[in-house]
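This report is meant for a reader who is meeting the structure for the first time. Please look over the sequence and the model before reading on.

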2 protein chains.
Amino acid sequence: MAEVTLKDVARASGCSVATVSRVLAGTRPVGAETARTVREAATRLGYRPNHVARALRRRATGTVGLVLPQITNPFFPALVRELEHALHAAGRALLLADCDDDPTTEAARIAEFLDRQVDALVLIPVDERLSREAVADAARRVPVVLLDRGCGPGVADSVAVDNAAGMALVLDHLAAAGRRRPWFVGAAGTTSTAAERRAAYEAGAAALDPQAPGRVELGDFSVAWGREAVDRIWPSRPDAIICANDLIAVGALQRLRQLGAEVPTEVAVVGFDDVPFAGLADPALTTVRQPVGELAAEAARLLGERSGDRAPAVGPSRTVRLTPELLVRASG
Amino acid sequence: MAEVTLKDVARASGCSVATVSRVLAGTRPVGAETARTVREAATRLGYRPNHVARALRRRATGTVGLVLPQITNPFFPALVRELEHALHAAGRALLLADCDDDPTTEAARIAEFLDRQVDALVLIPVDERLSREAVADAARRVPVVLLDRGCGPGVADSVAVDNAAGMALVLDHLAAAGRRRPWFVGAAGTTSTAAERRAAYEAGAAALDPQAPGRVELGDFSVAWGREAVDRIWPSRPDAIICANDLIAVGALQRLRQLGAEVPTEVAVVGFDDVPFAGLADPALTTVRQPVGELAAEAARLLGERSGDRAPAVGPSRTVRLTPELLVRASG
DNA sequence: CAACGGCGGGCAAACGTTATCACCGGGCAG
DNA sequence: CTGCCCGGTGATAACGTTTGCCCGCCGTTG
């Protein structure tokens, strides 16, 4: 039951370890007869290549590290799932680290993964500015792909949804429904998503009402903030509340119900992300769905391309923007 | 910027690689003066040990594989998070695999992790019976801890919540509130949690009403099933609906509202697990909270103990049961 | 003064692969 | 007939650590 190595297979099939390695890896042409014998011996002995030794020799572990802010953020599990599938399809394993929304631990986790010789990193940066240095350092050592959130221009390859397009979808929809007094409830944090969605609102809201772009309340990405924000803005009777993500929207929905406001007749509420419970809210939340599978696939693809080269930072950094989709449900 | 190795540090500090290794690993006493010189050289050159080479030599990678049914199941992210933290505190990294609720891919992922020389495995088995063989095979090679769900007796160490105790908490609470016509909505699947919760209901419900233990409907762990189950049992007007998990409970809540039933005055609804949106439902869901942090910590502890020994299967398998807590909210 | 014990440190052999080099036939062109 | 190329193979040196073994030195002890 002990580990069976190349040497054992070599002995059993009467040829050298080099040959066995070659037939199993298919790295160089080898005699048909020998190949058969070797393969037979390998399966008979139940040979399994030792990934650690292989990694040491090839200087590639076949693992990719994922560092994310908080796996408990309901938007991330689906992303993790798709990423895991995409990486697995490419024969790579996924190391996961949750950095508790803290840039310092984020940097530490990234460093640890680098020490563990990951072939590449997928990062969902905690903060657009505070994460930048650690991300840039990492990008100097291995291929890095930023997922869902950016980290300043030119730092690393990046895959994210087109937040501006998503917001435009929302604003068009609300305009078509005759809404004219929108209000935006966003996040003050310095994640790229928070900033982009707010900017897109401010840029596009004038189409509904010249005053609209100024109607912005900023807190954080939480249900509690959604509730609180409603208390602040409800007195001015908006006819649409656009939330920077679904958590905020769910909070808003809850508070509006408590206040006796009719959704969507009196006021529309829309979210962003389409987290699992967006469709479960009452009324079901209209939201912008992110193409999670495509995001993950694109990230994996970018990683694959970069890893062909030995140097981590050849060519300029690429940015992929995927267009989201508006999911019109009951809330607006 | 190339990799700096032990050899480089040795050269720079004027002693042998062996000595450098010893001072850095602290594995054997070494001269105070030499130690200082070596350490100084190491930090000056920015030496970082190569985990792959170390793993090859030590025959231990410092990684633990986690294979779970579906990361998108809202109960799991919190568990993953806590597990990641606990493992990280022990200096180990977490490899994650999502097997899409399929025992076959589950077995494949386990095998892959074994090939990657993980030091240990944490498994949340998909199915109590269908996962057994793969789990048993794995347990023969490395330490294995079953988390949250079991897999038959004696297969491997196991950490889970005491479902019977949790159900008892629920039944006591409902009895004290004067509920006498409970109904159980569970899952027909063959996961240990589904079976245990149902059994516990059947064992304890008689305290409320001799007929109660028979009032059981089985579907799966989903919101849709919760809705459907309500359609089936509402005609017989239960005064309490006990759901095998929160997803079912949320579905039940939704359908009850549509049917115009008053919760909790007319009928109480309780769930199990305390997933993130349990508190967000309307009315907020009364549920059984699982001690996620403790579960993860206990799993990590078990792993740590087993890994001391070289042989994976010394001593009988241990089972740890943690007692859950009833979270009384608005729904019952 | 001789023998001995222990400490500090170096040498070299692993760990299991893969890559480089050399070798040895045989077929083919000059 | 000689030289050359090439498919097939084996030795062997890495990859970067850890560790068993040995050796020299110093202090202690009989």
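The sections below take up the arrangement of the protein chains, the interface between them, and the surroundings of each DNA strand.

## Arrangement of the two copies

The model described here is predicted. Within it, a turn of 180° with a shift of 0.0 Å along the axis lays chain B on chain A, and the RMSD is then 0.1 Å. The two copies are thus related as by a two-fold rotation axis. The same surface serves both copies, since 100% of the contact residues of chain B recur in chain A.

Which residue of chain B comes closest to the rotation axis? That residue is L95(B), whose C-alpha is at 2.3 Å from the axis.

## The interface between chain A and chain B

In this interface, 44 residues of chain B are in contact with 44 residues of chain A. The two chains bury about 4,100 Å² between them, and 56% of this area is on carbon and sulfur atoms. Of the area that chain B buries against chain A, 15% is supplied by V52(B), R116(B) and L280(B), which is more than any other three residues give.

Polar and charged pairs also cross the interface: there are 30 residue pairs in polar contact between chain B and chain A, counting pairs with both residues at pLDDT 80 or more, and 10 salt bridges are found. One of the residue pairs joined by a salt bridge is R81(A) with D100(B), where the closest N and O atoms are 2.5 Å apart. On the side of chain B that touches chain A, two or more residues come from each of α4, α5 (76-89), β2 (93-98), α6 (103-115) and α11 (246-258) of chain B, and the largest share, seven residues, is that of α5(B). Sorted by class, this side of chain B holds 18 nonpolar, 12 polar and 14 charged residues.

## Surroundings of DNA strand C

DNA strand C is surrounded by 27 residues, of which the closest are Y47(A), R57(A), T19(B), R28(B) and T34(B). The surface near this strand draws at least two residues from each of α2 (17-25) and α4 (51-58) in chain A and from each of α2 (17-25) and α4 (51-58) in chain B, with α4(A) giving the most, four residues. By class, the residues of this surface are 10 nonpolar, seven polar and 10 charged.

Among the atoms of DNA strand C within 4 Å of the protein, 62% belong to sugar or phosphate, while the rest belong to bases. Phosphate oxygens of the strand lie 2.9 Å from a polar side-chain atom of S21(A), 3.1 Å from one of S16(B), and 2.9 Å from a side-chain N or O atom of R59(B).

## Surroundings of DNA strand D

Around DNA strand D there are 27 residues, and those that come nearest are T19(A), R28(A), G31(A), T34(A) and R57(B). Sugar and phosphate make up 61% of the atoms of this strand that come within 4 Å of the protein. Each of α2 and α4 in chain A, and each of α2 and α4 in chain B, supplies at least two residues of the surface near DNA strand D, and the largest share, four residues, comes from α4(B). This surface has 10 nonpolar, seven polar and 10 charged residues.

Two of the contacts with DNA strand D involve its phosphate oxygens: a side-chain N or O atom of T19(A) is 2.3 Å from one, and a backbone N or O atom of G31(A) lies 2.7 Å from one. A base is approached as well, for a polar side-chain atom of R57(A) lies 2.7 Å from a base nitrogen of DNA strand D.

How values were computed
Residues are numbered from 1 along each chain as its sequence is written. Chains are lettered from A and ligands numbered from 1 in the order in which they are written. This is a predicted model: local features need pLDDT of at least 70, side-chain atom pairs count only at pLDDT 80 or more; totals for chains, interfaces and linings use all residues. Side-chain values use heavy atoms; hydrogens and water are left out. Copies are superposed by least squares on the C-alpha atoms of residues with pLDDT of at least 70 in both. Contact means heavy atoms within 4.5 Å. A residue is near a molecule or strand if one of its heavy atoms lies within 4 Å of it. A polar contact is a pair of N or O atoms within 3.5 Å; within protein, one must be able to donate a hydrogen and the other to accept it, and residues adjacent in sequence count only if both atoms are side-chain atoms. Ala, Val, Leu, Ile, Met, Phe, Trp, Tyr, Cys and Pro count as nonpolar, Asp, Glu, Lys and Arg as charged, and the others, Gly among them, as polar. Buried area is the accessible area (1.4 Å probe) that two parts lose on being put together, summed over both. A salt bridge is a side-chain nitrogen of Lys or Arg within 4 Å of a carboxyl oxygen of Asp or Glu.
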